[in-house]
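Here is a short tour of a structure for anyone who likes to know the layout before setting up a calculation. Have the viewer open and follow along.

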Amino acid sequence: MINEADADELEVEERRYVRLPSFLEQGFSALRRDVLDKRICSFCGTCAAFCDKIRISEYELKPELVEGYDTICGLCYAFCPRTFLPLSEIESKIFGAEEARKKAEGDVLGVYRGCYAVRSKRRDIKGQDGGAVTSLLAYALHEGIIDGVVITTSDNHWRPITKVAKNYGELKEGAGTKYTIYPSVVGIKEAIRAGCESIGFVGLPCQIQGLRKVQTAEQPYEIGKERIKLLIGLFCMENFKEELLDFVKENLSLDLEGVKKFDIKGKEFLVYDEKGKVYAIPLDEIEEYIGEGCSVCADYTAELADISVGSVGSEDGWSTVFTRTENGEVIVKDAMKEGYIEAKELEEKGLGLIRRVGESKRRRGSTK
Ligand SMILES: Cc1cc2nc3c(=O)[nH]c(=O)nc-3n(C[C@H](O)[C@H](O)[C@H](O)COP(=O)(O)OP(=O)(O)OC[C@H]3O[C@@H](n4cnc5c(N)ncnc54)[C@H](O)[C@@H]3O)c2cc1C
Ligand code: SF4
Ligand code: SF4
């Protein structure tokens, strides 16, 4: 008979020599079964960013194995935000257990230290809202906090492209919102290959979730995760398939090269042309283009980012900014001191609105 001491010892032995960590047990075929076949992939790009065997084709947004053989190394399954998401465990690791505990149960605003309305003080930054994202990244690049940042810019027809910006000029190309799905996290692979040692990333809540899983998962591979230093997350209610651009072009008889900006306000998708004319399309009419993976998404405010930025909650021309980690809070405060941005406390009314929108998104995500 095995006594208690022997059993303890056996368990330690098993953990040390026999039991394989769970990430080694699932490969791409499991990812296909649990995420792709269930049509809940958000096309964040995390699986392809850290595995050379996975590719997401530009023409058909679909992660696929480049070679037929699935090595079951487990990284794609472990990093995908749609396989499992141990939210409170990740929150404790990145914000610290004490900060994480302060979050009210289920609060859609997530863990945060400060919330502000922010506007760029750089005249040459023309952002989507207050230009907060571009200005904060400009400060971080200038100070050497990061030496490259993965941004999402676009071609002349508004199709998104990921780019590693290493200087102010390149960074400014990313300003403005692109409302079509793109696996921007793959840009991290490019940044690592380009030799960046301190990488910044800006992207959607699902993309931030994937990168936080990368940073916090226990696994033995050298994948360069320690180089990821700053994550700026964008608020997001939904994103759209590329067919939306064809719909806009045909429906409004517009050449997309002449579009200056897309935006969503209330229940309308707005298209601004270069002459300042604004076209409004009811959101109901473009519902069919919403990405399938968005239907199960419950994160509105990019709860796991260092800094989260959106438009809801602030007046026009300002961005709403949540600082979540200490690093994020220091960057916002120092960018203000150094004259990159101006900031004021966010009003209760704004916070209430963000909470209501975030709760409606969570209800939508949890009913699917
Ligand atoms: C698909 C999408 C849906 C959004 N939905 C909401 C919403 O429901 N409510 C809300 O309040 N805000 C939403 N936002 C955020 C909002 O549109 C602005 O991005 C945010 O307010 C920051 O504005 P800014 O002027 O500070 O940023 P800017 O200085 O203009 O910088 C914008 C940054 O966003 C990045 N970016 C642009 N498009 C994408 C993309 N498709 N994927 C990844 N990164 C991208 C660029 O790299 C750039 O660095 C959404 C953004 C996106 C991309
Ligand atoms: S959600 Fe992201 S990580 Fe998961 S399968 Fe899709 S692209 Fe890959
Ligand atoms: S709604 Fe969720 S899944 Fe869809 S793009 Fe936004 S963060 Fe990603």
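How many bridges join strand β9 to strand β10, and do these strands run parallel or antiparallel? Five bridges join β9 (residues 268-273) to β10 (residues 278-282), and the two strands run antiparallel. Please keep in mind that this is a predicted model. The protein chain is divided into domain 1 (87-234 + 292-366) and domain 2 (243-287), and three ligands are treated below in turn.

**The three-stranded sheet**

- β9 and β10 form a hairpin with four residues between them. In the turn, Gly-276 has a positive phi of about 95 degrees.
- Within this hairpin, Phe-269 has Ile-281 of β10 as its bridge partner.
- On the other side of the pairing list, β8 is joined to β9 by six bridges, and these two strands also run antiparallel. Val-259 stands opposite Asp-273 in β9.
- Together the strands make an open sheet of three in the order β8-β9-β10, with antiparallel pairing. β8 (259-265) and β10 are at the edges with a single partner strand each, so one side of each has no neighbour in the sheet.
- From one strand to the next, the twist of this sheet averages 20 degrees.

**The eight-stranded sheet**

- A second open sheet has eight strands in the order β5-β4-β6-β7-β11-β12-β3-β13, and its pairing is mixed.
- The edges here are β5 (160-165) and β13 (341-345); each has a single partner strand, so one side of each is left without a neighbour in the sheet.
- The average twist in this sheet is 25 degrees from one strand to the next.
- One of its pairs is β3 (residues 114-120) with β12 (residues 319-323), which run antiparallel and are joined by five bridges. Tyr-116 has Val-321 in β12 as its bridge partner.

**Helices on the sheet and on each other**

- Helix α9 (residues 186-193) lies across β4, β5, β6 and β7 (228-234), and runs at about 30 degrees to β5.
- Helix α12 also packs on the sheet, where it touches β3, β7, β11, β12 and β13. The direction of α12 makes about 115 degrees with that of β13.
- How do α7 and α12 pack, and how far apart are their axes? Helix α7 (residues 132-142) and helix α12 (residues 326-337) pack at an angle of about 90 degrees, with 10 Å between their axes. That angle makes α7 roughly perpendicular to α12.
- On the α7 side, the contact is made by Ser-135, Leu-136, Tyr-139 and Ala-140. On the α12 side, Ile-331, Val-332, Asp-334 and Ala-335 take part.
- Sorted by class, this helix contact has six nonpolar residues, one polar and one charged.

**Ligand surroundings**

- Ligand 1 has 32 residues around it, and Gly-127, Thr-134, Gly-174, Met-237 and Gly-310 come nearest.
- At least two residues of the ligand 1 shell come from each of α7, β4 (148-154), β6 (199-203) and β11 (307-310). The largest share, three residues, is supplied by α7.
- The ligand 1 shell has 15 nonpolar, 15 polar and two charged residues.
- Ligand 2 is surrounded by 15 residues, the closest being Cys-41, Cys-44, Thr-46, Cys-47 and Cys-80.
- α2 (28-36) and α3 (46-49) each supply at least two residues of the ligand 2 shell, which divides into 10 nonpolar, four polar and one charged.
- Which residues surround ligand 3? They are Ser-42, Leu-204, Pro-205, Cys-206, Cys-236, Glu-238, Asn-239, Gly-291, Gly-293, Cys-294 and Cys-297.
- By class, the ligand 3 shell has six nonpolar, four polar and one charged residues.

**How the two domains meet**

- Taken over C-alpha atoms, the centres of domain 1 and domain 2 are 25 Å apart.
- Seven residues of domain 1 are in contact with seven residues of domain 2.
- The side of domain 1 that touches domain 2 has two nonpolar, five polar and no charged residues.

Key. Residues numbered from 1 in each chain as written. Chains lettered and ligands numbered in written order. Predicted model: local features only at pLDDT ≥ 70, side-chain atom pairs only at ≥ 80, totals over all residues. Axes fitted to C-alpha atoms, helices over the stretch in contact; angles between N-to-C directions. Parallel < 35°, antiparallel > 145°, perpendicular 65-115°, else oblique. Nonpolar A, V, L, I, M, F, W, Y, C, P; charged D, E, K, R; others polar. Near = placed C-beta within 6 Å. Domains from an automatic or database assignment. Pairing = 2+ DSSP bridges.
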